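Please look at the sequence and the model shown here. Some questions about the fold come after it.

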Amino acid sequence: MDDVTRLIHSALLVDGGRETPDAWVHLDAGRVAASGTGETWRVLDADEVVDARAVAGDGAVLTPGFVDLHGHGGGGYAHEDGSGAIRAARALHLAHGTTRAVISLVAGSPADLATRLGAIADLAKTDASVLGAHLEGPFLDPGHHGAHDPELLLDPTPEVVTALIEAARGSLVQVTLAPELPGGHEAIATFVAAGVVVAVGHTDADADATRRAFDAGATLLTHAFNAMPGLHHRAPGPVGAATGDPRVTIEVIADGVHLHPDVIRMLFAAAPGRVALVTDAMAAAGSADGTYRLGSLEVSVDAGVARLADGTIAGSTLTQDAALRTAVTAGVALPDAVTALTRTPARTIGRPDLGSLAVGAVADAVLLDADLHVRRVFTGTV
């Protein structure tokens, strides 16, 4: 991240649900200083002037930096392996447009999770691209454990909840839990009071139980349709409850494995402006097929699909630029797909300064070619 003053011009700007042709943005002191269209940029001074067409060709697209709410690693590195591994995984995803990310952890013992949360808290102080931590476990339904070790799952007792909040030292951004577990609603209230976003996920909750969790303060649905009851015409389940609640953001893994493209398109239509495209990426993202670890479990990756020995999907090998291409191919309008990578996830975790190229926003930007492959990434220091 740097403080170089930049002028990026001659791009299709996609931001805030709109497309602006022949646009330019002026990035200064880590923030967006100005924007406009045409040749009006020529009156401005900049350390570097970037002609988007020269970098990304005709049809160059400029978007805000992507924000990932849910990812476990990449580039051959898992977040459980410490600060160095997190930095390496972040480098892989940064190259694919993810300028800011929440660092997700799979289920572990309370002691191990406390240690990992402390490491993320330290890293977040020095690396602005690290937004904090996401505990995807251990408060999950054993019957929907997915790629989490069922031996490490726990009920959210006040003692464990408080200990994990304290271990994170203010850096715990979100937690996934099954609200039907004993103490689930009390845990939601405790996390929300501590400023933590609560997601319903890895759950056996039906639609009514999910609504009660949202009324208790949960505002996110972890990887819609996966590790939860499905959508039935007489039993709409968590997805039915989430699509009908304007308070709730819905995570979508657009990798062509977790969800059929038609389902991706339907979710965007059912919850406009409330879909967050996440990676749920594990260590193999951006790396070769083979055998990896996800927490305490062994994962085999074949043709880019990660699975446990029993065939359970174990995260993804997705990057957010690939998620963008999948969503657009599925029929989602480009501005809506970009919003799901930028403003929506940023808003969900209370960071409206991210995921936007409006004046005053953090100067994170992604330059893509017409086929939506990343050609250059810009990051502010804020």
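What follows is a set of questions and answers on the sheets, cores, helices and single residues of this model.

Q: What kind of model is this, and which pLDDT do local features need?
A: Residues are numbered from 1 along each chain as its sequence is written, and side-chain values use heavy atoms, with hydrogens and water left out. This is a predicted model in which side-chain atom pairs count only at pLDDT 80 or more, totals for chains, interfaces and linings use all residues, and local features need pLDDT of at least 70.

Q: What is the strand order of the open sheet of eight strands?
A: Helices (H or I, at least four residues) and strands (E, at least two) are DSSP runs, numbered from the N terminus. Two strands pair if DSSP finds at least two bridges between them. The pairing in this open sheet is parallel, and the order is 6-9-10-11-12-13-14-15.

Q: Which strands stand at the edges of that sheet?
A: An edge strand here has a single partner strand, so one side of it is left without a neighbour in the sheet. The two that fit are strand 6 (66–68) and strand 15.

Q: How many residues of strand 14 are buried?
A: Buried means under 20% relative accessible area, exposed over 50% and partly exposed in between (1.4 Å probe, protein chains only). Thr-249, Glu-251 and Ile-253 are buried on one side of strand 14, and Ile-250 and Val-252 are buried on the other. For strand 14 (residues 249–253) the count is therefore five of five.

Q: Which residue of strand 15 is the bridge partner of Glu-251?
A: Strand 14 and strand 15 (residues 275–278) run parallel and are joined by four bridges. On the other pairing of strand 14, with strand 13 (residues 220–221), there are two bridges in the parallel sense, and Leu-221 has Ile-250 as its partner. In strand 15, the partner of Glu-251 is Ala-276.

Q: Which helix lies between strand 14 and strand 15 in their β-α-β unit?
A: A crossover is right-handed if, with the strands pointing away from the viewer, the path from the first strand over the helix to the second runs clockwise. Strand 13, helix 7 (residues 237–243) and strand 14 make one such right-handed unit. Strand 14 and strand 15 also belong to a right-handed unit, and its helix is helix 8 (residues 261–270).

Q: Which helix gives the most to the largest nonpolar core?
A: A nonpolar core is a set of buried Ala, Val, Leu, Ile, Met, Phe, Trp, Tyr and Cys residues joined through side-chain atoms within 4.5 Å. The largest one has 83 residues, and Phe-191 is among those with the most contacts inside it. With six residues, the helix that gives the most to this core is helix 4 (residues 158–168).

Q: How many residues are in the second, separate core?
A: Ala-56, Ala-361, Ala-363 and Phe-378 are included in this second core. Its count of residues is 18.

Q: What arc do the buried residues of helix 2 cover?
A: The buried residues of helix 2 are Ala-85, Ile-86, Ala-89, Arg-90, Leu-92 and His-93. The arc is that of the directions from the helix axis to the C-beta atoms. These residues lie on the same side of helix 2, because the arc is only 155°.

Q: Which residues does His-79 contact, apart from neighbours within four places in sequence?
A: His-79 sits in the loop between strand 8 and helix 2, and it counts as buried because its relative accessibility is 6%. Contact means heavy atoms within 4.5 Å. The contacts of His-79 are Gly-71, His-72, Gly-73, Ile-86, Ala-89, Ile-103, Ser-104 and Leu-105.

Q: Is Leu-368 buried or exposed?
A: Leu-368 is in strand 19 (residues 365–368). Beyond four places in sequence, its contacts include Ala-56, Leu-324 and His-373. Its relative accessibility is 0%, so Leu-368 is buried.

Q: Which residue takes a positive phi in the hairpin of strand 1 and strand 2?
A: Strand 1 (residues 6–15) has nine of its ten residues buried. It pairs with strand 2 (residues 18–28) in the antiparallel sense over seven bridges, and Ile-8 stands opposite Val-25. Two residues lie between the strands of this hairpin, and the one with a positive phi, near 65°, is Gly-16.
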